[in-house]
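Ready for some practice at reading a structure? Grab a pencil and work through the exercises below, trying each one before you peek at the solution.

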Amino acid sequence: MQEHERYIRRCLELAQLGSGSVSPNPMVGALLVSDGRIIAENYHRKFGGPHAEALVVEEVLSSYGDQATELFRRATMYVSLEPCAHHGKTPPCARLLAEYRIGRVVIACRDPFEKVNGAGIRILEEAGVEVIEGVLAEEALWLNRRFTTRVVHQRPYIILKWAQTADGYMAPANNTQRWITGAVAKQLVHRWRSEEDAILVGANTALVDNPQLTVREWQGRNPKRVLIDKQLAVAPDAKLLDGSAETIVFNATKSDWVGTVKYIELEDFDWYLPQKIAYQLYLMDVQSLIVEGGRKTLDLFIGAGLWDEARVFTSRDSWGSGMAAPALHAAVAEHQGIGPDRLDIYYRNPQR
């Protein structure tokens with residue numbers, strides 16, 4: 001079992017390399033072991049592209065030619081998630097592994113997606129492939145908690161983010177803009193944006209701060225931008241509506257599509273607003289969401305119990321007055337120094 005854990009841990013490291021590129025698919029890593037050594041390894045690199053298992057098989061076929069068939073029969077495939085069993089953007093990996101009669105397949109955890117969830121294992125076992133599952137299952141599920149949240153709960157994985165002063169204030173009381181954290185924290189926030197599917201703010205933040213919410217201090221793709229603007233108070237020349245990234249505006253006035261800006265009218269706007277937004281984003285294949293708004297917007301999600309993770313920066317400065325930061329009533333799970341600032345991370349339902 002220790003040997004299986006070593007190889008599965010490597011699969012999880014490989015899977016992580018797909019972060020920010022494969023959503024709404026899960027991150028998956030795979031490798032093939034023969035005679036005690038890894039002869040091929042790969043990971044799911046981008047949505048719509050080949051899955052990890054298929055890339056490993058392709059590499060072995062390319063490298064070993066006529067010897068590949070016999071090699072497959074005595075080798076063990078390690079994979080961080082149950083091989084898929086359905087036709088999606090690509091053919092089912094379980095049937096591919098069965099076709100090449102891989103000697104043994106070791107799986108970290110089952111895929112909770114209803115079209116898989118044990119079906120991939122059945123395909124392998126019916127083809128005579130030995131299957132071992134449950135190796136580092138908790139770690140594998142945690143890695144793909146965004147994917148699992150979406151398929152199980154039909155909503156994105158929701159990350160709250162804000163910065164506060166040492167004495168607990170997140171904004172000046174007079175609705176002006178004032179920066180709290182340093183340059184290192186800013187760069188980290190831009191990296192986070194590149195890793196998640198969408199980022200959300202409320203109308204007041206858009207009006208006061210005029211944020212762009214794009215990735216500029218890090219290399220990577222821009223997330224979808226989401227704006228809560230009941231009466232469409234944010235002017236068309238605001239940075240959020242500049243067309244540089246796909247933008248969704250939840251409002252109570254109109255449904256329309258203008259360039260890269262999609263307006264979605266919500267009926268009974270003030271009733272169950274965060275739940276409606278989360279479900280609409282789920283329907284758009286948004287797997288993860290950063291809520292980076294002001295106090296009112298953050299409290300909407302906190303009050304609804306609709307958050308999974310919170311990332312809170314605390315600076316060394318004290319203001320003495322201002323708008324108080326939200327209260328989570330949760331224990332700090334992780335903390336670290338980010339330049340001169342402190343980052344605390346909270347999980348609503350810790351799974352590790």
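Keep in mind that this is a predicted model.

**Exercise 1.** Find the ring that the charged end of arginine 191 sits over.

*Solution.* Look for the charged end of arginine 191: it sits over the ring of tryptophan 218, 5.9 Å from the ring's centre. The cut-off for this kind of arrangement includes a distance within 6 Å.

**Exercise 2.** Which ring does the charged end of arginine 311 sit over, and what else pairs with that ring?

*Solution.* Step one: the charged end of arginine 311 lies over the ring of tryptophan 192, 4.6 Å from its centre.

Step two: turn to the aromatic pairs, of which the structure holds five. One of them involves tryptophan 142 and tyrosine 347, with ring centres 4.9 Å apart and planes at 75°. Planes over 60 degrees apart count as edge-to-face, so that's what this pair is. Tryptophan 142 belongs to helix α6 and tyrosine 347 to strand β17, 205 residues apart, so the pair links distant parts of the chain.

Step three: back to tryptophan 192. Its ring pairs with that of phenylalanine 313, the centres being 5.5 Å apart and the planes at 25°. Planes under 30 degrees apart count as stacked, so this pair is stacked. Here helix α8 supplies tryptophan 192 and strand β14 supplies phenylalanine 313, 121 residues apart.

**Exercise 3.** Are tryptophan 142 and tyrosine 347 buried or exposed?

*Solution.* The cut-off for buried is under 20% relative accessible area. Tryptophan 142 comes in at 8%, so it counts as buried. Tyrosine 347 has 7%, so it's buried too.

**Exercise 4.** Which residues does the UniProt "binding site" annotation cover, and how far apart do they get in space?

*Solution.* First, the record: the unreviewed UniProt entry lists His51, Cys84 and Cys93. They're spread over 43 residues of sequence, yet they cluster in space, with a largest C-alpha distance of 9.0 Å.

Next, place the two cysteines. Cysteine 84 is in the loop between β3 and α4, while cysteine 93 is in helix α4. With a relative accessible area of 8%, cysteine 84 is buried; cysteine 93 is buried as well, at 2%.

Finally, check contacts, skipping residues up to four places away in sequence. Cysteine 84 is in contact with residues including His51 and Cys93. Cysteine 93 touches several residues, among them His51 and Cys84.

Methods
Residues numbered from 1 in each chain as written. Predicted model: local features only at pLDDT ≥ 70, side-chain atom pairs only at ≥ 80, totals over all residues. Heavy atoms only, no water. UniProt positions renumbered as here; feature names shortened; annotations may be inferred. Helix = DSSP H or I, 4+ residues; strand = E, 2+ residues; numbered from the N terminus. Buried < 20%, exposed > 50% of the residue type's maximum accessible area, 1.4 Å probe, protein only. Contact = heavy atoms within 4.5 Å. Phe/Tyr/Trp six-rings, centres within 6.5 Å; stacked < 30°, edge-to-face > 60°. Lys NZ or Arg CZ within 6 Å of the ring centre and 35° of its normal.
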